[in-house]
Amino acid sequence: MAVPQVARPHLERLAETCEDTIHLGILDGESALYLDKIPGRRRVEISSRVGERQPVWSTGLGKALILDLSEARWRDFYRVGEARGAHPPRDLDTWLSRMRDYASRGVAFDHEENEPEVRCVAAPIRDASGAIVAGLSVSSTAQYMDAARMEQLTDEVRATALTISRALGWSG
């Protein structure tokens, strides 16, 4: 089944409840490839575009796509990654610590690492085998996405990813 078609109605429901920009993407080589985008209803524009590739290490979506990989592979993605305006500064040890936490929670964050003032909450989408085949994210500006709101969205983002995964045949 085509992930974008299966995911779209669930992404639309998520967009309706959170009012922020929703992304769907896949791992494409060493990048996160955006397959779908639903603009938010707030007075902000997230600069991403469908068909665009973004660094894995700095985007919430990209991090969600690699949660099941080994730490050695995480290091590889970190090495090739370049953010457009990294903030806070890149630090491998801090990044790896965050990745370990994300992997244990099944959710990943972007703390303005890819774009200044843009934050997101992301989760992996799995196929029938349990493999991560895509990811989704909720993105907004720091004005609307403080740390408390990021935590608040975690359950909803994970639940949406789980619903899509089940529609793709995952039973876990």
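Two strands pair if DSSP finds at least two bridges between them. With that in hand, let's look at how strand β1 finds its neighbours in this predicted model.

**The strands around β1**

Strand β1 covers residues 21-28 and is joined by bridges to β2 and also to β6. The table sets out the two pairings.

| Pair | Residues of the partner strand | Bridges | Direction | One bridge pair |
|---|---|---|---|---|
| β1 with β2 | 31-38 | seven | antiparallel | His-23 with Lys-37 |
| β1 with β6 | 132-141 | five | antiparallel | Gly-25 with Gly-135 |

β1 and β2 also form a hairpin, with two residues between the strands. In that hairpin, Gly-29 takes a positive phi near 65 degrees.

**The helix pair**

Now for the helices. Helix α1 (residues 3-18) packs with helix α5 (residues 147-167) at an angle of about 160 degrees, and their axes are 9 Å apart. Angles over 145 degrees count as roughly antiparallel, and α1 and α5 are therefore roughly antiparallel to each other. The crossing of α1 past α5 is right-handed.

Which residues of α1 meet α5? On the α1 side they are Val-6, Ala-7, His-10, Leu-11, Leu-14, Thr-17 and Cys-18. Facing them in α5 are Arg-149, Leu-153, Glu-156, Thr-160, Thr-163, Ile-164 and Ala-167. Sorted by class, this contact of α1 with α5 holds eight nonpolar, four polar and two charged residues.

Terms used
Residues are numbered from 1 along each chain as its sequence is written. This is a predicted model: local features need pLDDT of at least 70, side-chain atom pairs count only at pLDDT 80 or more; totals for chains, interfaces and linings use all residues. Side-chain values use heavy atoms; hydrogens and water are left out. Axes are lines fitted to C-alpha atoms, for helices over the stretch in contact, and angles run from 0 to 180 degrees between N-to-C directions. Helices (H or I, at least four residues) and strands (E, at least two) are DSSP runs, numbered from the N terminus. Angles under 35 degrees count as roughly parallel, over 145 as roughly antiparallel, 65 to 115 as roughly perpendicular and the rest as oblique. A crossing is left-handed if the near helix is turned anticlockwise from the far one by less than a right angle, and right-handed if clockwise. Contact means heavy atoms within 4.5 Å. Ala, Val, Leu, Ile, Met, Phe, Trp, Tyr, Cys and Pro count as nonpolar, Asp, Glu, Lys and Arg as charged, and the others, Gly among them, as polar.
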